[in-house]
Amino acid sequence: MDTIIGTDIAEAARFLQEGKCVAIPTETVYGLAANALDPAAVAQIFSIKNRPTFNPLIVHVRSFAEFEKYATGISPLVKKLADAFTPGPLTFVLPKKDTVPDLVTAGGETVALRIPSHPLTLRLLESLPFPLAAPSANPFGYISPVTAQHVEQQLGDKIPYILDGGPCSVGVESTVITFENDKVVVLRLGGVTVEAIEELAGKTELRTGHSSSLHPIAIGSPGQMKSHYAPKHKLLLGDIEKHAAEHAGKNIGILSFRKKYPDAAYQVQLSESGNTDEAARYLFSALRFLDACDIDLILAERLPETGLGRAVNDRLERAAAE
Ligand code: TXA
Ligand code: MG
């Protein structure tokens, strides 16, 4: 298939209206989008990504007013959080209405809703009579794409159009939350920090299941498999100098937070100034770069557990898991 990369919202909308999949930019990562209300279109997302159908999709809508078309349980707390953080990288898991096809929710009783803030995709959503189901636009289990070129490299021959919105500004996926007894439960760490949510909503519970041995339904957010974002090279997470000494003689790529390693053949510093937002923005590009290098293994270190550091560490831990 010839894939067009462009910025034409009307053209992207035409493909989507024909029931085809289109890659879309969001502030977090690029998504592989289809008409969320058309099961045949949604089925193509799963087959193009090679994604297991037990893993439900996020439904992207243009505004908070749309939530009530697809979900119940829209409490004052949901509204408060939506007012504060949307459009933006926060996804709400709420009881679903029958308007949402079962394939989107993997047969479950809840639906994940999010209002992305990327201007091109917001305009696209405003021009369409349906919402967009969209997982990250990577083959299942691989690193999420943060540029149109990343999407082209991995899914290029499988989709007719990539809407190019430039590099993603946040760089890690949305934070996924749900509610229990009017308290927030965090199912996936992401672009909105837990600190920011807790400032408005009080103490949250973290339920970001980590074990790949668990059956998916035993995990809070079914997509949270342990080995995810996996680069092809082995990635060791921890003390870079210690690991480097243990693997002396090997070809090593280094992914550090601030520090420079003058002897390394390949290295990326995520943020020389120690800014966790900047580190998150470059994380997936850095992993892709190192994965394409002729090396034996990648050594990476954790960020401080503040700001987006927690979401970055979560991705690094999954990338390191076998
Ligand atoms: O930033 C993002 O969220 C990106 C962009 C494209 O919007 N999308 C994204 O989608 O990361 P995906 O499919 O790669 O991850 C969605 C996550 C998965 O962990 C999935 O299991 C979880 O959300 N999820 C979706 N629906 C759910 C539901 N009803 N209940 C619990 N978790 C759900
Ligand atoms: Mg994903």
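This passage describes the internal cavities of a predicted model and the surroundings of one helix and its neighbouring strands.

In this predicted model, local features need pLDDT of at least 70 and side-chain atom pairs count only at pLDDT 80 or more, while totals for chains, interfaces and linings use all residues. Residues are numbered from 1 along each chain as its sequence is written, and side-chain values use heavy atoms, with hydrogens and water left out.

A search of the whole structure yields two cavities of 30 Å³ or more, a cavity being a set of points, on a 1 Å grid over the protein atoms alone, where a 1.4 Å probe fits but cannot get out; the volume is the space filled by probe spheres set on the points. The largest cavity holds about 50 Å³ of space, and its lining, made up of residues that have an atom within 4 Å of a point, consists of Leu-189, Gly-190, Val-192, Thr-193, Val-194, Glu-195, Gly-307, Leu-308, Arg-310 and Ala-311. At least two residues of this lining come from each of helix H7 (194–201) and helix H10 (309–320), helices being DSSP runs of H or I with at least four residues and strands runs of E with at least two, numbered from the N terminus. By class, the lining of the largest cavity comprises five nonpolar, three polar and two charged residues, with Gly counted among the polar ones.

The second largest cavity, with a volume of about 30 Å³, is bordered by Val-61, Arg-62, Glu-66, Leu-125, Phe-130 and Pro-131. Its lining has four nonpolar and two charged residues but no polar ones.

Helix H2 spans residues 39–49, of which Ala-41, Val-42, Ile-45, Phe-46, Ile-48 and Lys-49 are buried, that is, under 20% relative accessible area with a 1.4 Å probe and protein chains only. The cover over these buried residues includes strand S3 (31–35), strand S7 (132–133) and helix H6 (148–155). At the start of H2, a side-chain oxygen of Asp-38 comes within 3.0 Å of the backbone nitrogen of Ala-40, whereas just after the helix Asn-50 adopts a positive phi of about 65°.

Strand S3 is itself mostly covered, with five of its five residues buried. Strand S2 (residues 22–24) runs antiparallel to S3 and is joined to it by three bridges, where pairing requires that DSSP find at least two bridges between two strands. Ala-23 stands opposite Leu-32 in S3, and the two strands S2 and S3 form a hairpin with six residues between them. S3 is also joined to S7 by two bridges in an antiparallel arrangement, in which Leu-132 of S7 is the bridge partner of Asn-35.

Technical notes. Chains are lettered from A and ligands numbered from 1 in the order in which they are written. On a 1 Å grid over the protein atoms alone, a cavity is a set of points where a 1.4 Å probe fits but cannot get out, and a pocket is an open set with protein on both sides within 12 Å along at least five of seven lines; lining residues have an atom within 4 Å of a point. Buried means under 20% relative accessible area, exposed over 50%, partly exposed in between (1.4 Å probe, protein chains only). Contact means heavy atoms within 4.5 Å. A polar contact is a pair of N or O atoms within 3.5 Å; within protein, one must be able to donate a hydrogen and the other to accept it, and residues adjacent in sequence count only if both atoms are side-chain atoms.
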